[in-house]
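Colleague: I would like to go through the ligand site and the chain interface of this model. Please give the cut-offs as you go.

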Amino acid sequence: MFKSNGQTTKVPTGISIVDTLLDGGMPNGDSFLIRAHPLADPLSMVIEFLHNQLKNGGVGVFLVNNKSPASVLEESAILKMGLRDFKRNGQLFFIDAYSALFGLRSNEAYFVEDPNNPVSVSKVVAQALSECSKKGKVFFVYDSLNTSIDEFGNAILAEANTWKRIAIAFNAILCFIYTEWNYPKDISEAVANLFSSIVDLITLERIVATQVVTVSKNEGTPVSKRMVPIKNAVTGGIKGYVPKILVTGPFHAGKTTLVHTLSTRAVSVQRMGTTVALDFGHVNHRGFTLDLFGTVGQPRFDPILERLGGEALGAILVVDSTKPEEFPRAKEMMHKAGVHGLPYVLAANKQDLPDALSVEEVKKKMNISDEVAIVGTVGTDKVSVVKVLDLLLDKILST
Amino acid sequence: MTHELLPSGIDLLDSALNGGFTKPSNFLLIGTPLSAKKEVGLILLNGGLERDEAAIYISTSNTAEEARSHWEDYGFKEQWEEEGRVKFVDCYSKMLSATVSDTPSIRRVPSILDYTKLSVAVNDWCTSYYLQNTPVRLMLDSLSAFLIYSSLQTVMRFLHIFLGQLRKQNALGFFLLEEGAHEIVTFNQLKTFSNGAIRVNEESNMMQLEGYRHGMNIPLPSAVVPKATAEASQVSCTPTK
Ligand SMILES: Nc1nc2c(ncn2[C@@H]2O[C@H](COP(=O)(O)OP(=O)(O)OP(=O)(O)O)[C@@H](O)[C@H]2O)c(=O)[nH]1
Ligand SMILES: [Mg+2]
């Protein structure tokens, strides 16, 4: 724990990318918001936060209002961040604001008999935190704020002052989970204004839900910082990861050349001037670190092609502008590589050759939609290929 | 977007639809609890599966295993599931026992209130089908169950995002709704989200397209008629206490 800007102390979440974004960690004696896009899953991140606090001897209090406490324990076991033993040892307590909705009793430590009343929810929270803070430093999870908003509307937000008092009184950390379902602006703004720190979980682009974590507010100050793509490795918790871009296209189109021109470091597995396995390159661009994977071009290697596209965020399709007869093959390769439907940019390569078709002609011959950006390139010309990457990043980042 | 028509799997319905469903679109499947709307839905999923499409079945009041076993009476083929073309999202099992686990074709959602887990699960599968260029049909059985536990407003917010995602993934969706269980306003609001409705009538054994060549009557496929009437008469023969 350390002091930051002489105000609040910070408690590390234990997830290094989040701690970096939060300048050290979660605000002590305060509440913060995990705000998730509907296709992002905030629970696994919060389970990891909680698990880390418990491992360090902290006390956990976990309010559920849209799932059973047992299902949270189950999820933690699947994530290999088991919470069951902590519950058994008296380090973790649930507030069950769920069972009563289905007319069931609960044998959890705390039970909200009247989950339809925001005041009674707050009362149980206050009681739980007062009792549990005697046992140690409390990390409290409210899962979820959006379910409460669904039930109570704005009334739940009036409870925010109670939460603030609780956090200060018990020097606890309160973590609220909130999924941004199409709420009217006044609600989503009111929610954002309640919290001095907000961690955002965003899903990147239209088709593949890739999660990015960023912090939009830290201790009352709006920040716009790095966006870090994250992955949940089931055994290792949440980690930042390097997104993958696939570079594909027909035989001899210029994929290997393009990967090497773009990358700071690159290797290729070549034989007799053709790629027999893959090209791999590392690029730093616009605050992102990216991995480029160039594919084979020859159809006899298609089985390798089919294995390479997995988990790519986007693709660069390279065609030789002098070889329109290969254009159908180019489209087929997008399907075979399993990247059909991902954001992609078309590189109409070898524009330096005298018989090269113009960008417009390539576009027309390939019959691609206006949504797809197309750039005329020369494989060795950095300016032209960086433009391809730029347009691709724009595409990936537009949600 | 492609404007290719997808045959529904029911010939007479296809004629009424001028050839089939357009993609992406979504339909309400409306009928009383006794009507064969769910079975009609299954026939529509089969229609896609027979054409190498994929299907996602979201169950809210049955386990995935129960849903599958019911489907077996209406043409389900094990081979489809083995080929990875049939997936279940089960919003029910975990409410009975939190420890029941997922399988390669079944994802369990912790509860019917956990809209986040539901949309993440459906989106994962729709995405992988989309990337394989495999069209997908989805059936939500049922929207009424959501409306029992959440307000109309909550369900509408969820649908706004959920249907938006299905549209991007070019999917075809069928949403079951119990006739008589909801107020007229609810029906009208939900209709604004859909491309049309198919109303299944258990007395006439007909179905009717609404919001789309309004009023056309189509006989139910024979596969669902005998069983539906048998079930219906069974229920109505039960002596009332
Ligand atoms: N004139 C010209 N030649 C190019 C250009 N880009 C690449 N080349 C040449 O085209 C040939 C093939 O380039 P590669 O980068 O190996 O192509 P590839 O797509 O990786 O080929 P495979 O891996 O065999 O499918 C090489 O001789 C390159 O030097 C370009 O923009 N203009
Ligand atoms: Mg190559």
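Colleague: Which element gives the most to the shell around ligand 1?

Modeller: This is a predicted model, in which local features need pLDDT of at least 70, side-chain atom pairs count only at pLDDT 80 or more, and totals for chains, interfaces and linings use all residues. Residues are numbered from 1 along each chain as its sequence is written, chains are lettered from A and ligands numbered from 1 in the order in which they are written, and side-chain values use heavy atoms, with hydrogens and water left out. Helix H9 (255–262) and strand S17 (274–285) of chain A each supply at least two residues of that shell; helices (H or I, at least four residues) and strands (E, at least two) are DSSP runs numbered from the N terminus. The most, three residues, comes from H9(A).

Colleague: How do the residues of the shell around ligand 1 divide by class?

Modeller: A residue is near the ligand if one of its heavy atoms lies within 4 Å of it, and 17 residues surround ligand 1, with A:Lys255, A:Thr256, A:Thr257, A:Thr274 and A:Gly379 coming nearest. Ala, Val, Leu, Ile, Met, Phe, Trp, Tyr, Cys and Pro count as nonpolar, Asp, Glu, Lys and Arg as charged, and the others, Gly among them, as polar. The shell has five nonpolar, nine polar and three charged residues.

Colleague: How far is a polar side-chain atom of A:Thr257 from an oxygen atom of ligand 1?

Modeller: A polar contact is a pair of N or O atoms within 3.5 Å; within protein, one must be able to donate a hydrogen and the other to accept it, and residues adjacent in sequence count only if both atoms are side-chain atoms. Backbone atoms also take part: A:Gly254 places an N or O atom 2.9 Å from a ligand oxygen, and for A:Ala253 the distance is 3.2 Å. For the side chain of A:Thr257 the distance is 2.5 Å.

Colleague: How much area do chain B and chain A bury between them?

Modeller: Contact means heavy atoms within 4.5 Å, and 29 residues of chain B are in contact with 35 of chain A. Buried area is the accessible area (1.4 Å probe) that two parts lose on being put together, summed over both. Carbon and sulfur atoms hold 61% of the total, which is about 2800 Å².

Colleague: Which residue of chain A meets B:Lys117 in a salt bridge?

Modeller: A salt bridge is a side-chain nitrogen of Lys or Arg within 4 Å of a carboxyl oxygen of Asp or Glu. The rule finds four across this interface. In one of them, at 2.5 Å from N to O, the partner of B:Lys117 is A:Asp41.
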